[in-house]
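Visitor: Could you take me through one part of this model up close, residue by residue? I'd like to see who touches whom, and then how that spot sits in the rest of the fold.

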Amino acid sequence: MTIIFLCIAGFLAAFVDSIAGGGGLISVPAYYMAGLPSHMALGTNKFSATCASLTSSIKYLKSGHTNKKLLKYALPFTFIGACIGVTTALQINEKALSSIILVMVMIIGVYSLFSKSVGMKENLKTVNSKRIILLVILAVTLGFYDGFFGPGTGSFLIFGLIHIFGFEFKRAGANARVMNFVSNIASLFLYAINMKINLYYGIPVAIFSILGARLGTSFALKKGAKVIKPIFVTMSLLLSLKLLLVDVLKLL
């Protein structure tokens, strides 16, 4: 029953994550509920999430909605940022970071909710050196964040790409997914060498996560921004609520 529960959670998490990010809100608590210790839960989740993000990344790359010229700048710095994030995770005040992220995610969710035009239509901006520098900063920063903390990485990447390059949600989500896969690989490597992956749970959940990612990616490519935006806003606000509850519980 535990494996069935985790497989369902993994499927739903991958489906949502491949569309708008935020799948960790479903999968990480599920691993905790299954009784896995914190590091083992995070490592096993990263294993299944990486399998899912590989699946959706390949599908997005084949769809033609990714910008390979921009990704060649972004991916190396995403990887470097994630490696630094994982390496320094134990040296940073997680409580302070959680509070900062809470405010940022809430602003993104509320802004996207009330801005009718953001991400709905492409308003492509000229790719110049300034925007490439902004892309590199985004890649390093969110690679680091994903390696260290994780929740909401996909949402931040989508939001950043929309505002730097004028992408609509579908194209921003496609490029964000490939970047997120690279940061996942870097984080997964550290969990693997520290033997923090439970393959007994991880392998079956990964299979269902792949199925969820395939379905979610097809759904996103077919339905476009009209469906992606409300899911994006919902996951952003749910993440804000989760982080807020965590902070409140720590004070009790």
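Guide: Let's start with M40, which touches M195, K196, I197 and N198 once you skip residues up to four places away in sequence. Take N198 from that set: M40 and N198 are 158 residues apart in sequence, but their C-alpha atoms are 6.7 Å apart in space. M40 itself has its place in helix 3, which covers residues 38–63. Is M40 buried, partly exposed or exposed? Its relative accessible area is 21%, and buried means under 20%, so M40 counts as partly exposed. Keep in mind while you zoom in that this is a predicted model.

Now stay in helix 3 and go along to K46, which has its place there too. K46 is a lysine you won't find out in the open: with a relative accessible area of 11%, K46 is buried. What does K46 touch, apart from its neighbours within four places in sequence? The contacts are D146, N184, S187, L188 and Y191. There's also a C-alpha separation to look at here: K46 and S27 are 19 residues apart along the chain, with 9.7 Å between their C-alpha atoms.

From K46, follow the contact to D146. D146 lies in helix 6, residues 129–148. At a relative accessible area of 5%, D146 falls under the 20% cut-off, so this residue is buried. Leaving out neighbours within four places in sequence, D146 is in contact with K46, T153, N180, S183, N184 and S187. N184 and S187 are also among the contacts of K46. If you want a specific atom pair to display, pick the side chains of D146 and N180, which make a polar contact at 3.3 Å.

So, on to N180. Its place is in helix 8, and at 7% relative accessibility N180 counts as buried. Beyond residues within four places in sequence, N180 contacts D146, T153, G154 and L157. T153 turns up in the contact list of D146 as well.

N180 also takes you to a bit of empty space. The structure holds 2 cavities of 30 Å³ or more, and the largest cavity has about 60 Å³ of space in it. Which residues line the largest cavity? They are D17, S18, I19, A20, G21, G154, I158, G173, A176, R177 and N180. Helix 1 (2–20), helix 7 (153–165) and helix 8 (169–193) are the elements that give two or more residues to that lining. G154, for its part, is one of the contacts of N180 as well as a lining residue.

For a change of scenery, try L70, found in helix 4, residues 68–87. L70 is buried, at 7% relative accessible area. Not counting residues up to four places away in sequence, L70 touches V127, I132, L135, F165 and F167. The C-alpha atoms of L70 and V136 are 9.6 Å apart, with their positions 66 residues apart along the chain.

And for an exposed residue, swing over to K226 in helix 10, residues 225–251. Here the relative accessible area is 70%, and exposed means over 50%, so K226 is exposed. The C-alpha atoms of K226 and K170 are 9.4 Å apart, at 56 residues' distance in sequence.

Zooming back out, the protein has 10 helices and 0 strands. Buried residues make up 51% of its 252 residues. Of the contacts between residues at least 6 apart in sequence, 84% join residues at least 24 apart. The accessible surface comes to about 12,100 Å², and 71% of it belongs to carbon and sulfur atoms.

Last, a word on confidence. The protein averages a pLDDT of 80, and 81% of the residues score at least 70. Among the elements, helix 9 (residues 199–223) has the highest mean pLDDT at 90, while helix 5 (residues 94–114) has the lowest at 59.

How values were computed. Residues numbered from 1 in each chain as written. Heavy atoms only, no water. Helix = DSSP H or I, 4+ residues; strand = E, 2+ residues; numbered from the N terminus. Buried < 20%, exposed > 50% of the residue type's maximum accessible area, 1.4 Å probe, protein only. Contact = heavy atoms within 4.5 Å. Areas by Shrake-Rupley, 256 points an atom, 1.4 Å probe, with all protein chains shown as cover. Polar contact = N/O pair within 3.5 Å; in protein donor to acceptor, adjacent residues only side chain to side chain. pLDDT = per-residue confidence, 0-100. 1 Å grid on protein atoms, 1.4 Å probe; cavity = no way out; pocket = protein on both sides within 12 Å on 5 of 7 lines; lining within 4 Å. Points joined across faces, edges and corners; volume = space filled by probe spheres on them.
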